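Here is a walk through a single protein chain, written to be read alongside its sequence and coordinates. Keep the viewer open and follow along.

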Amino acid sequence: MASDKAWNKIFRDYNIGSHDFDSSPFELTADQIKRSCQSFTATGEKEPRILCKQDTRSDRPSIFVRNGLFILPKKNGSYYILKGEGYVDVPDITSQIQDYESKLDFELESSMVGDSEMQFLDFAYANSLIRTFMNDPSLVLTIRGRKYTPQFSFHVGFNELDTESVQTEVDAGYEGRTSIVLIEAKNFSATNVIIRQLYYPFRQWSENTTKKVYPVFFEKRVINGENVFYIWQFEFTDVKDYNSIRLVKSGRYRILTQ
C-alpha cells in the first residue's frame, strides 16, 4: 500500500481535501510530492514513482479509499487525482482446465530453466497457445519494452483528461494481419487491477497503428503440481472512454508437449 503518512501530508500541504472533485481532477506534480515528503527518510515515503504506484484498489492509501479517489499519470512527472472507478475486476477462471496440444514437434528445454512470468508467456506463445486463444495464426512478436505515449484525450466519468508522453511497458505485443494483441503478464493473483495498465498501451497502439488492438492479461499458476496458463481478453467498447472496458473471454489451459 502507498504510504498513508506521506499522502496525508501531501493532502494537508496542498489542501487537496478541500478540492471539489465533483467538478474536476486535482493536478499534482512529482516535484510537489518531493517537496512535501522531503523530511521522510524511507524511500517508500518520499519517492513519487512508488507513492503513485497504486496498481490495485487495496494499494491506495486510506485517504484515497475514503474519498473514492485514484491516480493517473498526465505526463511524466505530472498526475491527476480524480474521483471515479479506476479499477477493473479480474474474475477468477473456474471453468474446466482445457488440454492444449502444442504445435511444436520438439520440447523446449530452455523454458524449464527459471520461473519468471515472461518466461512462461514466451513458452505459451512458442507453443502457439496465444495464437490459438486469439484465433489469429498470423500473430508474431513485435512489441516489447518501454515506450512513450503520443498525446491523446479521454474521459473518466465526467472528467475530461489529456495526456502525453507517459511511459508504458507491455510484457509482449503481437501483431497479425489485422490486429495487435498487447499482453500484461500478472505475477500475482490480483482480483482487480488499475485500468490504466491496459488503457494507456491500448490508446498508444490505437493511435500509432490502423489495426484493432486487443488488451490481454496472462498468468501462470501451479495447480496440483502442474503449470496452468490463465488468459483474459478485454476490450474497450469506446476508445475514448476509460471505463468502457469489458471482459470478452477467458480460459485456462495445460500445455501438452511432445
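The report below goes from the overall chain to its sheet, the helices on that sheet, and then the salt bridges.

**The chain as a whole**

Please keep in mind that this is a predicted model. The chain holds seven helices and 14 strands. Its C-alpha atoms fill a box of roughly 65 × 40 × 30 Å along the principal axes. The radius of gyration is 20 Å, which agrees with the value near 18 Å for a compact globule of 258 residues. Of those 258 residues, 50% count as buried. The accessible surface comes to about 12600 Å², and 45% of that surface belongs to carbon and sulfur atoms. Contacts across the sequence are worth a look too: among those between residues at least 6 apart, 65% join residues at least 24 apart.

**The seven-stranded sheet**

In what order do the seven strands of the open sheet run? The order is β5-β14-β13-β12-β10-β9-β6, and the pairing is mixed. Strands β5 (98-101) and β6 (140-148) stand at the edges; each has a single partner strand, so one side of each is left without a neighbour in the sheet. From one strand to the next, the twist averages 35°.

Starting at the β5 edge, this strand pairs with β14 (residues 245-256) in the parallel sense over four bridges. There, D99 has R254 in β14 as its bridge partner. R254 will come up again with the salt bridges.

Moving inward, β14 pairs with β13 in the antiparallel sense over eight bridges. F236 stands opposite I245 in β14. On to the next pair: β13 and β12 are antiparallel as well, again over eight bridges. In this pairing E219 has Y230 in β13 as its bridge partner. Strands β12 and β13 form a hairpin with two residues between them, and N224 in the turn has a positive phi of about 50°. As for cover, β13 is mostly shielded, with nine of its eleven residues buried.

**Helices packed on the sheet**

Which strands does helix α5 touch as it packs on the sheet? Helix α5 (residues 117-126) touches β6, β9 (167-175), β10 (179-186), β12 (212-223), β13 (226-236) and β14, and its direction makes about 110° with that of β12. Helix α7 (residues 196-208) also packs on the sheet, touching β6, β9, β10, β12, β13 and β14, with its direction at about 140° to that of β12.

Helix α5 is largely enclosed by the rest of the structure, because seven of its ten residues are buried. The buried residues are E117, Q119, F120, L121, F123, A124 and Y125. After α5 comes S128, whose phi is positive, near 70°.

**Salt bridges**

How many salt bridges does a search of the whole structure find? The search finds 18. Three of the pairs are described here, with the separation of their closest N and O atoms in the table.

| Acidic residue | Basic residue | Closest N and O atoms |
|---|---|---|
| D13 | K9 | 2.7 Å |
| E169 | R146 | 3.3 Å |
| E226 | R254 | 2.9 Å |

The D13 and K9 pair sits within one helix, α1 (residues 4-13), with the two residues four apart, about one turn of the helix. An α-helix has 3.6 residues a turn, so residues three or four places apart point the same way. D13 counts as partly exposed at 39% relative accessibility, and K9 is partly exposed with a relative accessible area of 21%.

E169 and R146 link distant parts of the chain: E169 lies in strand β9 and R146 in strand β6, 23 residues apart. E169 is partly exposed at 44% relative accessibility, whereas R146 counts as exposed at 58%.

E226 lies in strand β13 and R254 in strand β14, so this pair ties together parts that are 28 residues apart in sequence. Relative accessible area is 29% for E226, which is partly exposed; R254 also counts as partly exposed, at 21% relative accessibility. Elsewhere, salt bridges that share partners join D92, K186, E219 and R221 into one network. E219 is the residue whose bridge partner in β13 is Y230.

Methods:
Residues are numbered from 1 along each chain as its sequence is written. This is a predicted model: local features need pLDDT of at least 70, side-chain atom pairs count only at pLDDT 80 or more; totals for chains, interfaces and linings use all residues. Side-chain values use heavy atoms; hydrogens and water are left out. Two strands pair if DSSP finds at least two bridges between them. Axes are lines fitted to C-alpha atoms, for helices over the stretch in contact, and angles run from 0 to 180 degrees between N-to-C directions. Contact means heavy atoms within 4.5 Å. The radius of gyration is taken over C-alpha atoms; the globule rule is 2.2 Å times the number of residues to the power 0.38. Buried means under 20% relative accessible area, exposed over 50%, partly exposed in between (1.4 Å probe, protein chains only). Accessible areas come from the Shrake-Rupley method with a 1.4 Å probe; for residues, only the protein chains shown count as cover. A salt bridge is a side-chain nitrogen of Lys or Arg within 4 Å of a carboxyl oxygen of Asp or Glu.
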